[in-house]
Amino acid sequence: MATEGTLSFDELVVSTERRLLRLGLMLTGGVHSAEDLVQTVFARAHRKWDRIQELDNPEAYLRTMVVNEFLSWRRLLKNRELSVAEPADVPSGEDIGARQAQRDAAWRLLAQLPRQQRAVLVLRYYEDLPDDEIAAVLGCAPGTVRSNAARGLAALRNNLPAEEER
């Protein structure tokens, strides 16, 4: 049972699962890979729960675990599949094809980046973290974060004309 002011492991999983899955999805580009990634992190976190629950921000620690697991995941190096978003269950009036084409193009562009640059861009633009927090998550200097972001954005810009020709 959790003491007042601390979460139990189950409560932490319930409160963070969606955000960690979104982070995993942005890093891996696939729903199933993201689920595998987050599941692996939760399994490791459960073994370390006595230490994690004492931290001031266990969710930030789990986010760091997700990014580190992604950066070291050997299985992902073999998987070059590009995921396709699941179709909407309910028809809408919007142009789903154009939206899907943009999303697919974004996945293809992100997938071309080195893992460190992709992690920096996902943490900066999808998780909306400042450079110092990204540096803490990745275990590097804020300057390294900025240089990885600049290189990643430059690579995206360089690859954008080729993507628009498709």
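Trainee: How do the residues lining the second largest pocket divide into nonpolar, polar and charged?

Mentor: In this predicted model, the lining of the second largest pocket holds four nonpolar residues, four charged residues and no polar ones.

Trainee: Which residues are they?

Mentor: The lining consists of R18, R19, L21, R22, L25, V31, A34 and E35.

Trainee: And which helices supply at least two residues each?

Mentor: Two helices do so: α1, spanning 9–28, and α2, spanning 31–47. The largest share comes from α1, with five residues of the lining.

Trainee: What volume does that pocket have?

Mentor: The volume of the second largest pocket is about 160 Å³.

Trainee: Changing topic to helix packing: at what angle do the axes of α4 and α8 cross?

Mentor: The axis of α4 (residues 58–72) crosses that of α8 (residues 131–138) at roughly 60°, and the two axes come within 8 Å. That angle is why α4 is described as oblique to α8.

Trainee: Is the crossing left-handed or right-handed?

Mentor: The crossing of α4 past α8 is right-handed.

Trainee: Which residues meet there?

Mentor: On the α4 side they are R63, T64, V67, N68 and L71, and these meet E133, V137 and L138 of α8.

Trainee: How many residues of each class does that contact have?

Mentor: The contact of α4 with α8 has four nonpolar residues, two polar and two charged.

Trainee: Back to the pocket, then: how many polar residues were in the lining?

Mentor: There are no polar residues in the lining of the second largest pocket, whereas two polar residues take part in the contact of α4 with α8.

Terms used
Residues are numbered from 1 along each chain as its sequence is written. This is a predicted model: local features need pLDDT of at least 70, side-chain atom pairs count only at pLDDT 80 or more; totals for chains, interfaces and linings use all residues. Side-chain values use heavy atoms; hydrogens and water are left out. On a 1 Å grid over the protein atoms alone, a cavity is a set of points where a 1.4 Å probe fits but cannot get out, and a pocket is an open set with protein on both sides within 12 Å along at least five of seven lines; lining residues have an atom within 4 Å of a point. Grid points are joined across faces, edges and corners, and a volume is the space filled by probe spheres set on the points. Helices (H or I, at least four residues) and strands (E, at least two) are DSSP runs, numbered from the N terminus. Ala, Val, Leu, Ile, Met, Phe, Trp, Tyr, Cys and Pro count as nonpolar, Asp, Glu, Lys and Arg as charged, and the others, Gly among them, as polar. Axes are lines fitted to C-alpha atoms, for helices over the stretch in contact, and angles run from 0 to 180 degrees between N-to-C directions. Angles under 35 degrees count as roughly parallel, over 145 as roughly antiparallel, 65 to 115 as roughly perpendicular and the rest as oblique. A crossing is left-handed if the near helix is turned anticlockwise from the far one by less than a right angle, and right-handed if clockwise. Contact means heavy atoms within 4.5 Å.
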